[in-house]
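I set out to record what I looked up in this structure, entry by entry. The entries go from the whole chain to single residues.

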Amino acid sequence: MNVLLGSINTLNRLYDISAVEVGQHLYWQIGDFEVHAQVLITSWVVIAILLVSTIVVVRNPQTIPTSGQNFFEYVLEFIRDVSKTQIGEEYGPWVPFIGTLFLFIFVSNWSGALLPWKIIKLPHGELAAPTNDINTTVALALLTSVAYFYAGISKKGLAYFGKYIQPTPILLPINILEDFTKPLSLSFRLFGNILADELVVVVLVSLVPLVVPIPVMFLGLFTSGIQALIFATLAAAYIGESIEGHH
């Protein structure tokens, strides 16, 4: 009986950890602005993880890479391949931007799946992956929009805006609408998939024993990485379109 009660209590604690609070936020007042405190906290944690891991690896680079250095060189090579494939020969200056997007989203998604954020209690809301907040995904999408406008204008000047009347001025409204839908598509694709993954786990935990949701959680790790890759690939593709001037 004691073993059974202990098992039930353990499952209850795991269920509490997997629960999702919707529409509740802890707000901080910064000047005239209200910000979601839990998003800032988890974003700082993600940034700290990236900075610390990078500093530890690159502070003493070796001619013959160690395991950690070798892993980071592989990640850099992977990001360069994605950038070169989507942008073309002028990919070099955009590798840091594409890499930052990919690594931030990847580590954010994995931190939401692996770190027990929900153990830390807040007065309102709960800690979760930064990408679980629509404001974060919108901000990342807007950064991408600024980047591809900058890429096009820096390459062609004001002639960049001539693409809106090609191949015929009749398509002007559609071409403008396309540029507005790009960040919306990026934002809602990332936010929707991350939120849907969490909701699926919550529903499964509430309906079936924990043995079934655990493989789904591991599948969520895989899909989280895929979402980071999709976002970075589309961002690079949009920048490549701006530089090349075709759709």
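The entries below cover the fold, the annotated spans, one helix pair, the core and two residues.

**Entry 1: overall make-up.** I note at the outset that the model is predicted. I counted the secondary structure elements and found seven helices and two strands. Read from the N terminus, their order is α-β-β-α-α-α-α-α-α. I then looked up burial: of the 247 residues in the chain, 34% are buried. For contacts with a separation of 6 or more, I found that 68% join residues 24 or more positions apart.

**Entry 2: annotated spans.** I consulted the UniProt record, an unreviewed entry, which places the feature "transmembrane region" at residues 35-58, 94-114, 134-153, 190-212 and 218-239. I checked two of these spans in the model. Residues 35-58 are 92% helix and 8% strand, and their end C-alpha atoms lie 34 Å apart. Residues 134-153 are 100% helix, with 29 Å between the end C-alpha atoms.

**Entry 3: the pair α2 and α4.** I recorded the geometry of this pair in the usual terms, since two packed helices are described by the angle between their axes and the distance between the axes. The axes of α2 (residues 37-58) and α4 cross at roughly 115° and come within 10 Å. The crossing is right-handed. On the α2 side I listed S43, V46, I47, I49 and L50 as making the contact, and on the α4 side L103, F104, V107, S108 and S111. By class, I found seven nonpolar residues, three polar and no charged in this contact.

**Entry 4: L103.** I followed up L103, which sits in helix α4. Is L103 buried, partly exposed or exposed? Its relative accessibility is 29%, so L103 counts as partly exposed. Apart from neighbours within four places in sequence, L103 is in contact with L50, V75 and I79. I also looked up its separation from A232: the two are 129 residues apart in sequence, yet their C-alpha atoms are 9.1 Å apart in space.

**Entry 5: the nonpolar core.** I turned to the largest nonpolar core, which has 29 residues. The residues with the most contacts inside this core are I87, W94, I98, L140, F231 and I239. Two or more core residues come from each of α3 (67-87), α4 (95-114), α5 (134-156), α6 (172-207) and α7 (213-244). Which helix gives the most to this core? I found that α7 does, with eight residues.

**Entry 6: I87.** I closed with the contacts of I87, setting aside neighbours within four places in sequence. The partners of I87 are W94, A236, I239, G240, I243 and E244.

Note on methods. Residues numbered from 1 in each chain as written. Predicted model: local features only at pLDDT ≥ 70, side-chain atom pairs only at ≥ 80, totals over all residues. Heavy atoms only, no water. Core = buried A, V, L, I, M, F, W, Y, C linked by side-chain atoms within 4.5 Å. Buried < 20%, exposed > 50% of the residue type's maximum accessible area, 1.4 Å probe, protein only. Helix = DSSP H or I, 4+ residues; strand = E, 2+ residues; numbered from the N terminus. Contact = heavy atoms within 4.5 Å. UniProt positions renumbered as here; feature names shortened; annotations may be inferred. Axes fitted to C-alpha atoms, helices over the stretch in contact; angles between N-to-C directions. Left-handed = near helix turned anticlockwise from the far one by under 90°. Nonpolar A, V, L, I, M, F, W, Y, C, P; charged D, E, K, R; others polar.
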